[in-house]
Structure formats: structure tokens, C-alpha cells
Amino acid sequence: MEYGMRISNASESERYQLMKQIMWDDAEHVPKLIDATHRMVRHKQAQWRDAQGVGLNESDPSLLFYLSRINFRVHCLGNVRHEWSEWIEPLTVYGRHPMYILSAKPTKFGVAPNKLVWEGQTKSLPGFRPTREICDTDYLVGSGIDDALQRVWFRALGSRHTDDVTLGSNHTGFRRQHAAGPHPRAYFFDMGTSTFISSLTYFTCMYAQQGIAFDHIYGWEYTLLEPTSFWSKVPPPMKPHYSFFNIPVSGDASDVDKSFVQFLANTVSAHDFVAIKLDIDTPDIENKIAMDLFADQQLANLVDELYFELHFRCPIMMPAGWDDVMPHELFGLRLDTGHVLEFFAGLRRRGIRAHMWV
């Protein structure tokens with residue numbers, strides 16, 4: 001947050017150089033940060049498999065230093081009934097994989113395996129690989145089964161029996177049958193889905209490796225796609241669980257036919273695990289949807305995880321593919337680095353695992 005506000009408070013002409021200086025100063029931490037995220041992901045995968053010998057010391061100083069946490073407390077009659085923490089990757093000032101940013105052409109660093117060069121200076125970076133792609137996602141830390149079950153279990157206390165889900169080992173995921181009554185289901189909503197192989201392959205595989213199989217997936221795509229070709233790319237086991245809308249989604253809550261927030265509120269409940277990807281490259285729509293989630297706590301309570309590619313006035317990413325001309329503010333959100341980071345942090349404080357999507 002401190003770096004973000006420093007960049008925001010600098011003049012337009014100074015921001016690029018200031019961001020490069022911050023990246024250079026912190027470069028030696030990047031391989032260690034990536035290692036910490038990888039260890040946490042392997043830990044979540046091991047929790048699902050109930051693997052032996054793949055434990056993780058959550059008091060490890062490197063995890064505490066490099067990763068972020070969302071802390072939860074459940075209160076009952078003024079007393080703390082239960083508390084837990086969920087690990088997540090830290091927010092970055094550029095919204096992309098840190099190794100990609102150090103390698104990106106707009107930053108103009110000299111890069112080579114295990115080292116970085118800038119203005120005649122060389123830094124040794126063991127573990128640094130300068131070949132990362134702009135859409136690399138392997139630093140993201142998504143929910144594991146333990147995260148998801150604790151969320152839905154305690155969110156629904158008082159509305160169903162507490163033995164509907166199991167918090168011990170040998171979880172069976174969400175897609176299973178229950179004897180009677182409400183039970184947790186897992187939903188994924190993909191706005192800007194394109195074809196199944198564009199990002200849903202990543203999400204379904206990532207979550208499955210961490211113990212979450214989606215009961216249903218909903219996708220929206222504005223570009224008109226040929227149906228036979230589209231469905232040929234959807235894996236047969238996923239077809240019964242996938243609904244695809246080849247229409248634009250709307251950020252207008254009064255649009256009863258296309259409003260995403262209305263669709264969400266009418267589809268899920270507090271018993272469910274809900275993950276959303278928001279990437280339609282149309283700020284007038286996607287920013288409005290995100291701001292609704294930020295402003296409406298009742299709506300935010302329905303969402304567990306959000307992957308959002310928010311385009312902002314980043315001096316590195318604007319010439320790397322984002323719009324060269326961008327407003328300073330949209331729907332009350334200032335689009336400078338500091339305020340965008342605070343927006344994502346605010347979503348996390350509301351209990352949403354908010355990621356800067358690519």
C-alpha cells in the first residue's frame with residue numbers, strides 16, 4: 001500500500017521511473033515471493049489429498065513476510081466462537097506476475113537467468129527466470145477445500161445442521177449428495193469466458209487439485225461464437241455442469257435480463273462457495289459490477305473469491321497492452337495505483353479473496 005500511494009502521489013512524468021526504482025529495490029525478493037506462493041499451493045493440494053509428509057509450518061517467517069492473510073472471526077453472543085486465517089498472494093503495484101514485469105519490454109531492464117541489470121548495476125537473483133508470459137498465473141493462491149468448507153460452514157450457522165459438511169481430513173469436495181436439507185454447492189461465474197480452454201481449463205484444474213469440484217459453471221461472452229465449435233472444446237465431463245450465455249453481461253442492476261448482480265443473488269446462497277472471474281475488457285461494465293460488490297455488504301457476503309483484471313493508470317502495463325488513454329476515475333474509484341490497491345484490499349477486508357487477474 002505504501003508503494004502504491006508513493007506512485008499515486010508522484011507526478012505523471014515521475015511515476016514510470018519511480019515504479020522502476022521500486023521494482024529494482026525489491027527485485028531480490030521476487031524469487032522468494034514466488035517460492036512462498038508455490039509452497040502454499042502445494043500445501044493446499046496436500047490438504048486435499050491428505051498427503052503425509054507435505055506439511056507446512058505456517059509460522060515460517062518467509063511465509064509471514066511474503067504472503068498475505070485474510071483473518072476471520074465468528075462471533076456468538078459477543079464471544080469469538082471460531083477464528084482462522086486464509087493465505088493469499090500479496091497485491092502488486094503492477095497487477096501481473098512479478099517475474100514477467102521484471103522481464104517486460106516496457107521496463108527496459110537487462111535480464112538474464114538469475115540476474116538483472118539496470119543503469120550499469122547488476123543484481124544476482126537466484127531462481128529468477130526472465131521468460132514469464134504476460135498472462136502467467138502461477139503466483140496466484142486460490143482457495144483450498146479447507147478454506148471453502150470453513151467459510152460456508154460458519155456462514156450458514158443457525159440455518160442448517162452443522163454436520164452437513166466435514167472439517168476433518170479426507171474431504172469429498174462439494175459435488176456430492178446429502179440426505180436432506182440445504183447443502184453447500186460450489187459455483188464458478190466467468191464473465192468474458194471466450195472458449196472453455198481460454199481460462200476455465202485453468203480454473204477447473206486448479207480448484208480440482210485443491211479439492212473443489214464445481215457443481216455448476218456459468219459463462220458469458222459478448223463475441224458471437226459458432227456453437228458446434230464452442231461445445232467441442234468443453235470436456236464431456238464438464239458439459240452437464242456448464243451453462244453458456246453468448247450475450248453481453250450488464251453492470252446495470254435494473255437490467256433484469258442481463259444484470260450479473262441480479263443473476264448472482266437469484267442463483268446462490270450463503271450455503272455455497274462462489275468464485276467469479278471478471279475480465280470483459282469493458283470498464284464501463286466490469287468496474288460497475290466490481291464496485292457493486294465493494295459497496296453492498298449483503299452482495300459481498302455471497303462471494304468468496306474474485307479474479308478481476310482491473311485496468312488502471314499503471315505506467316508499466318498501459319504501454320504493455322492496456323489502453324494508452326484511461327480515465328482518472330470511474331464509478332467513484334480513482335484509477336491510480338494506490339487507490340486500486342486499496343480497492344482490492346477493501347474487498348479482502350470484506351471477506352472476498354480478491355486477486356488481480358491477468
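Asp-136 is buried, with a relative accessible area of 15%, which is under the 20% cut-off used for that word. The model is predicted. Besides this residue, the briefing covers an open sheet of 6 strands, its strand S9, and the largest pocket.

**Asp-136 and its surroundings**

- Asp-136 sits in the loop that runs between strand S5 (121-124) and helix H6 (145-155).
- Leaving aside residues up to four places away in sequence, Asp-136 touches His-97 and Val-358.
- A polar atom of the Asp-136 side chain lies 3.1 Å from the backbone nitrogen of Asp-138.

**The open sheet**

- The sheet has 6 strands in the order S8-S7-S6-S9-S10-S13, and their pairing is parallel.
- Strand S8 (242-245) and strand S13 (353-356) are the edge strands, each pairing on one side only.
- On average, neighbouring strands of this sheet are turned by 10° against each other, direction ignored.
- Helix H10 (residues 283-295) packs on the sheet, where it touches strand S6 (186-191), strand S9 (273-278) and strand S10 (305-308).
- The direction of H10 makes about 155° with that of S10.
- Strand S7 (residues 216-220) pairs with S8 in the parallel sense over 4 bridges; Tyr-218 has Ser-243 in S8 as its bridge partner.

**Strand S9 within the sheet**

- S9 is largely enclosed by the rest of the structure, because 6 of its 6 residues are buried.
- In a regular strand, side chains alternate between the two faces of the sheet.
- Both faces of S9 are covered: one side has the buried residues Phe-273, Ala-275 and Lys-277, and the other has Val-274, Ile-276 and Leu-278, also buried.
- S6 and S9 run parallel and are joined by 6 bridges; Ala-186 has Phe-273 in S9 as its bridge partner.
- S9 and S10 also run parallel, joined by 4 bridges; the partner of Lys-277 in S10 is Tyr-307.

**The largest pocket**

- The largest pocket holds about 1,000 Å³ of space.
- Its lining consists of 43 residues, and Leu-67, Ser-68, Pro-90, Leu-91 and Arg-348 lie nearest the centre of the pocket.
- Strand S1 (68-76) is among the elements that each supply at least two residues of the lining, and S1 gives the most, with 7 residues.
- Helices that each supply at least two lining residues include helix H1 (2-9), helix H2 (12-26), helix H3 (30-49) and helix H12 (337-349).
- H6, at one end of the loop holding Asp-136, likewise supplies at least two residues of this lining.

Note on methods. Residues are numbered from 1 along each chain as its sequence is written. This is a predicted model: local features need pLDDT of at least 70, side-chain atom pairs count only at pLDDT 80 or more; totals for chains, interfaces and linings use all residues. Side-chain values use heavy atoms; hydrogens and water are left out. Two strands pair if DSSP finds at least two bridges between them. Axes are lines fitted to C-alpha atoms, for helices over the stretch in contact, and angles run from 0 to 180 degrees between N-to-C directions. Contact means heavy atoms within 4.5 Å. Buried means under 20% relative accessible area, exposed over 50%, partly exposed in between (1.4 Å probe, protein chains only). A polar contact is a pair of N or O atoms within 3.5 Å; within protein, one must be able to donate a hydrogen and the other to accept it, and residues adjacent in sequence count only if both atoms are side-chain atoms. On a 1 Å grid over the protein atoms alone, a cavity is a set of points where a 1.4 Å probe fits but cannot get out, and a pocket is an open set with protein on both sides within 12 Å along at least five of seven lines; lining residues have an atom within 4 Å of a point. Grid points are joined across faces, edges and corners, and a volume is the space filled by probe spheres set on the points.
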